Every structure is written in C-alpha cells, then in structure tokens.
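Colleague: I am new to this structure and would like a close look at one part of it, the aromatic ring pairs. Could you take me through them in a connected way?

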Amino acid sequence: MRNLSGGHVEEFVLVGFPTTPPFQLLLFVLFFAIYLLTLLENALIVFTIWLTPSLHRPMYFFLGHLSFLELWYINVTIPQLLAAFLTQDSRVSYVGCMTQLYFFIALACTECVLLAVMAYDRYLAICGPLHYPSLMPSSLATRLAAASWGSGFFSSMMKLLFISQLSYCGPNVINHFFCDISPLLNLTCSDKEQAELVDFLLALVMILLPLLAVVSSYAAIIAAILRIPTSRGRRKAFSTCATHLAVVVIYYSSTLFTYARPRAMYTFNHNKIISVLYTVIVPSLNPAIYCLRNKEVKEAFRKAVMGRCHYPKDVLD
C-alpha cells in the first residue's frame, strides 16, 4: 500500500549516534541533565519576566519570547536525541517525521527573525535613548514579535509544501537523530530540484536578511558607542547589548557553518555533531548568558524565587 508521501516508505529509521552501550548510557545521562537544566532555565526566565512589572519593557518582552521559543525548540529535538542514545535506531512514521520537520524549521526561522528584532531594539535604545519609548512602544513590540512567529511558521509551511510532495521509495534510513531537510532530500526517489531551490531561497530570506539586519544594527551601535566621550559611558552602553550580541554570535556561527561550509567538509556525522550544538548547547547557554550578564534579570529572578515579585517595591525598581 502506498502511504501519504506517494512512495512505499511508511516510516523512517533514525540512526542517531551508534557507539558502545556504556558510552551511549553516559551520553544519555549527560544530555538528559542538559535537557532538564534548559527547561528549568528558560521556564524561570519566562515566568520571572511575566511576574515582574519592572521587566515589562520591550527588551525583556523579546527575551521572554526567545526563552519560550527555546522551551518549544528543545522539546522538538532533544527527546529524539535521547531516544537515539537508548537504542541503536529509533523509528518515526512519515507523518511524525514531517510534523517534527515542520516545527523544527518554523522555530529555527522564528529565532533568526527574533534575534534581528532584538538587535533593532538595542539599536533604538542606544542610538536614540531619549526617543526610545516613542520609537518602540509596547504595541510595536507586540507586532514585531508576532511578525517573527508568523514569518517563521509561514516559511516552514512553504518548505514542507514542496518536501511533502516528494516520493520516498526506500531506503528509509536517516543518518541523523531527528528529521532534517538534507537527509530527507537525499532519500527521495523523485526529482528534488524544485524542493532544493525553494529551501535555498527561503534560507536566504530567513537567515541572511535577519543577519544583515543584525550586522547593520550593531555597526550603528558600535559607531554610536565610540562617539561617547568617557570610557565609563562606553562600557555602560555596550553592557546593554553585550548579552544579545553573545547569543547572536553563538547561534549564527553554528547555523551558518551548518548551511554554508564547504562541500569537502560535509559529512552526516559532522552534521549530527553540529546539530547538537545549535539544538542542545545554544538553548542551554542563552538563559545563562542573559542571567549572568544582566543585573535586572538576576535581581528579578532572585525576588521571584523568594516570592517577593509582587511587592510594591518592584514597581519602583
């Protein structure tokens, strides 16, 4: 019987990380601990921002969206990674694979756009501090966040529209720990040129255009900081965007290396290792970077944990 994909493949086998059983168990324990820590970190940031009136500003509004996105993101990819450590191969249905691919692409694209929006927000705050409240009102911040989510999910829908039209006749073994675009395209037995073209064009729009916005924003920010006469003023201005810049560098460097490295360096084993970087390590580092570098977040987090976030003092802080 033919399945939804138009071919004979009804399920895919994810190879994961084949190694010795003791080492697989060690990796499972390690990544399960990272998974729980990342869940806790991002959930605490979301609730701390939500419960603290002094953090109800665009900068922290976007940070809350980023942490919520990371919560969703790791629940799409890490459970499949943990399953790969428990078994030599795990199986996923065609519909399950396409669903996982849809949310993975949607969240990755949303994060690219959201990071660009956050860079623009920092540009307005540093280059026009006196006019910042009027330039970035809460209504505009809400629209920018909604546009980030909408563009990411729309881009994913367009990609999946073309990928789901391909036929998969076998083999059905994916040398990866989750359903990603490249391994799926390599398994198809039909013409994949159109799907590859759509994937490439949308990657240009959803990765390079936000990256261009980030670079432009930080070029203007650096120019503005260098014009500040005192070193103390320069340090204070840079500290307001240093955390976001660190997150941008980590995320985009891993993402661009995945999609733009030379063909000679490309192997599926390398691809799996790099995928672990931006699906596991980056989401776990983001909350730590923001909390360690931002005094307001650390203070609000301390008060939230101690149950003092609703005190009137918080409104005055």
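Modeller: What follows is a walk through the ring pairs, beginning with the helix that holds one of them. Please keep in mind that this is a predicted model. Helix α1 covers residues 21–51, and its 31 residues reach 44 Å from the first C-alpha to the last, close to the 45 Å expected at 1.5 Å a residue. Among the buried residues of α1 are L27, F28, F31, I34 and Y35.

Turning to the rings themselves, the count comes to 21 aromatic pairs. One of these is formed by F28 and F32, which are stacked, with 5.8 Å from centre to centre and 5° between the planes. Both residues lie in helix α1, 4 residues apart, which is about one turn of the helix. While F28 is among the buried residues of α1, F32 has a relative accessibility of 34% and therefore counts as partly exposed, since that value falls between the 20% and 50% cut-offs.

Another pair is made by Y73 and F104, whose ring centres are 5.9 Å apart; because their planes meet at 15°, under the 30 degrees cut-off, this pair is stacked. Here the pair links distant parts of the chain, as Y73 belongs to helix α2 (residues 58–86) and F104 to helix α3 (residues 94–127), with their positions 31 residues apart in the numbering. Y73 counts as buried because its relative accessibility is 1%, and F104 likewise counts as buried, with a relative accessibility of 2%.

Finally, ring pairs also join F68, W72, Y102, F103, W149 and F153 into a cluster.

How values were computed
Residues numbered from 1 in each chain as written. Predicted model: local features only at pLDDT ≥ 70, side-chain atom pairs only at ≥ 80, totals over all residues. Heavy atoms only, no water. Helix = DSSP H or I, 4+ residues; strand = E, 2+ residues; numbered from the N terminus. Expected span 1.5 Å × (residues − 1). Buried < 20%, exposed > 50% of the residue type's maximum accessible area, 1.4 Å probe, protein only. Phe/Tyr/Trp six-rings, centres within 6.5 Å; stacked < 30°, edge-to-face > 60°.
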